[in-house]
Amino acid sequence: MKTLLLPLTLLLTLASATPIADPTATLHTPDLHRRQATTTSSSPTSTPSAYALPTLPYGLSDLEPHISREIVETHHTKHHATFISNMNLAVRDLQSGNITNIANILSSFRYNAGAHINHSLFWLSLAKTNSTQAMATPSREREALSSLTGQILSQWGSYDAMWEALVEKAKELTGSGWVWLVRGPGNLNTVEVKLTTDQTPMMDPWTPIFCIDLWEHAYYPQYKNDKMAYLRSIKNIINWDEAEKRYSKTKLSPVVGTEW
Ligand SMILES: [Fe+2]
């Protein structure tokens with residue numbers, strides 16, 4: 001039996017009922033959590049488990065006091081894991097060859113795969129509290145080593161001003177979604193703060209540098225309804241080394257057509 005196995009990014013594009021921008025837009029996926037789908041073609045009844053929950057790059061308590069252990073554990077092992085489980089169910093349904101319910105299958109795949117991509121990048125966007133990667137205030141000293149820091153200082157004058165712009169942008173989100181620092185559009189060196197709603201990933205012409213989960217499950221157990229307090233606190237654990245790599249395009253993700 002020939003297994004239907006399409007690249008995740010391609011499936012996401014196919015499943016997109018309302019393209020975000022250019023229909024030829026590509027979608028960026030975090031490197032760490034790309035996983036080549038595997039098949040066991042020797043058995044026609046076997047179901048490939050294409051995507052798995054990524055291991056966190058730090059301990060459950062390492063983001064405290066900014067994000068509690070309880071939140072990290074639930075967010076990772078419950079929320080993120082469920083998105084992956086649902087995505088794999090959609091893949092299984094696609095592989096079944098029965099397309100009677102194709103609209104629902106693609107809709108489920110698009111939503112859950114978007115959530116998987118976003119959460120994978122979210123975990124990478126953060127670093128241990130007080131680690132060298134988490135530098136709350138990129139400085140003029142760091143500017144010499146970091147083109148991203150230089151760009152931020154050039155555009156906003158200070159890191160704090162950039163972060164306030166991010167907080168203000170987040171206030172525009174009326175429901176659930178994500179706030180991003182992105183590079184672009186295209187090959188421009190400029191950076192911008194942007195939002196996506198629900199579980200929509202960042203797509204071309206923008207290149208994600210980091211993202212922050214603005215769903216209530218990301219902060220409510222600790223911050224209750226004070227989303228702004230969460231945003232001001234999480235600023236202390238942004239992984240600037242990772243952000244710099246993404247800005248410098250040394251760790252960018254594949255685009256549509258690339259299997260992962
Ligand atoms: Fe989340």
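**Figure 1. Helix 3 in its surroundings, as seen in a predicted model.** Of the 24 residues of helix 3, 17 are buried, so this helix is largely enclosed by the rest of the structure. From its first C-alpha to its last, helix 3 reaches 34 Å, which is close to the 34 Å expected at 1.5 Å a residue. Helix 3 lies across strand 1 and strand 3, and the direction in which it runs makes an angle of about 90° with strand 3.

**Figure 2. The packing of helix 2 against helix 3.** The axes of helix 2 and helix 3 are 8 Å apart and meet at an angle of about 145°, and the crossing of helix 2 past helix 3 is left-handed. On the side of helix 2, the contact is made by His80, Phe83, Ile84, Asn86, Met87, Ala90, Asp93 and Leu94, while helix 3 contributes Ile105, Ser108, Phe109, Asn112, Ala113, Ala115, His116 and His119. In an α-helix there are 3.6 residues a turn, so residues three or four places apart point the same way.

**Figure 3. Helix 2, its kink and its buried residues.** Helix 2 (residues 69-95) has 27 residues, which at 1.5 Å a residue should span 39 Å; the C-alpha atoms at its ends are 37 Å apart, in agreement with that expectation. A kink of about 35° is nevertheless present in helix 2, and it is centred on His75. His75 is itself one of the buried residues of this helix, the others being Ile71, Val72, His80, Phe83, Ile84, Met87, Asn88, Ala90, Val91 and Leu94. The elements that cover these buried residues include helix 3 (102-125) and helix 7 (220-223). Just after helix 2, the backbone passes through Gly97, whose phi is positive at about 85°.

**Figure 4. The open sheet of three strands.** The strands of this sheet are arranged in the order 2-1-3, and their pairing is antiparallel. Strand 2 (191-197) and strand 3 form the edges, each of them pairing on one side only. Direction ignored, neighbouring strands of the sheet are turned against each other by 25° on average. Between strand 1 (residues 177-183) and strand 3, the antiparallel pairing extends over six bridges; within this pairing, Trp180 has Cys211 of strand 3 as its bridge partner, and Arg183 stands opposite Thr207 of strand 3. Although strand 3 is an edge strand, seven of the seven residues in strand 3 (residues 207-213) are buried, so it is largely enclosed by the rest of the structure.

**Figure 5. Leu214 in the loop between strand 3 and helix 7.** Leu214 has 20 other C-beta atoms within 10 Å and therefore counts as buried, the cut-off being 20 or more. The C-alpha atom of Leu214 is separated by 5.2 Å from that of Trp178, a residue 36 places away along the chain. When neighbours within four places in sequence are left aside, the contacts of Leu214 are with Ala170, Leu173, Ser176, Gly177, Trp178, Val179 and Lys227.

**Figure 6. Cis peptide bonds and positive phi values in the loops.** Most peptide bonds are trans, and most residues other than glycine have a negative phi. Glu64 and Pro65 are joined by a cis peptide bond with omega of about 5°, and Pro65 is placed in the loop between helix 1 (8-15) and helix 2. The peptide bond from Asp204 to Pro205 is also cis, with omega near 10°, and Pro205 belongs to the loop between strand 2 and strand 3. Asn130, a residue other than glycine, has a positive phi near 65°; Asn130 is found in the loop between helix 3 and helix 4 (140-143), and with 11 other C-beta atoms within 10 Å it is exposed. Lys224, likewise not a glycine, has a positive phi of about 55°; Lys224 lies in the loop between helix 7 and helix 8 (227-234), and it too is exposed, with 11 other C-beta atoms within 10 Å.

**Figure 7. The protein chain as the setting of the close-up views.** The protein chain contains nine helices and three strands, and from the N terminus on its elements follow the order α-α-α-α-α-α-β-β-β-α-α-α. Of its 260 residues, 37% count as buried. Among contacts between residues at least 6 apart in sequence, 69% join residues at least 24 apart.

Key
Residues are numbered from 1 along each chain as its sequence is written. This is a predicted model: local features need pLDDT of at least 70, side-chain atom pairs count only at pLDDT 80 or more; totals for chains, interfaces and linings use all residues. A residue is buried if 20 or more other C-beta atoms lie within 10 Å of its own, exposed if 12 or fewer, and partly exposed in between; C-beta atoms are placed from the backbone. Helices (H or I, at least four residues) and strands (E, at least two) are DSSP runs, numbered from the N terminus. Two strands pair if DSSP finds at least two bridges between them. Two residues are in contact if their C-beta atoms, placed from the backbone, lie within 7 Å. The expected span of a helix is 1.5 Å times one less than its number of residues. The bend at a residue is the angle between axes fitted to the seven residues ending there and the seven starting there. Axes are lines fitted to C-alpha atoms, for helices over the stretch in contact, and angles run from 0 to 180 degrees between N-to-C directions. A crossing is left-handed if the near helix is turned anticlockwise from the far one by less than a right angle, and right-handed if clockwise.
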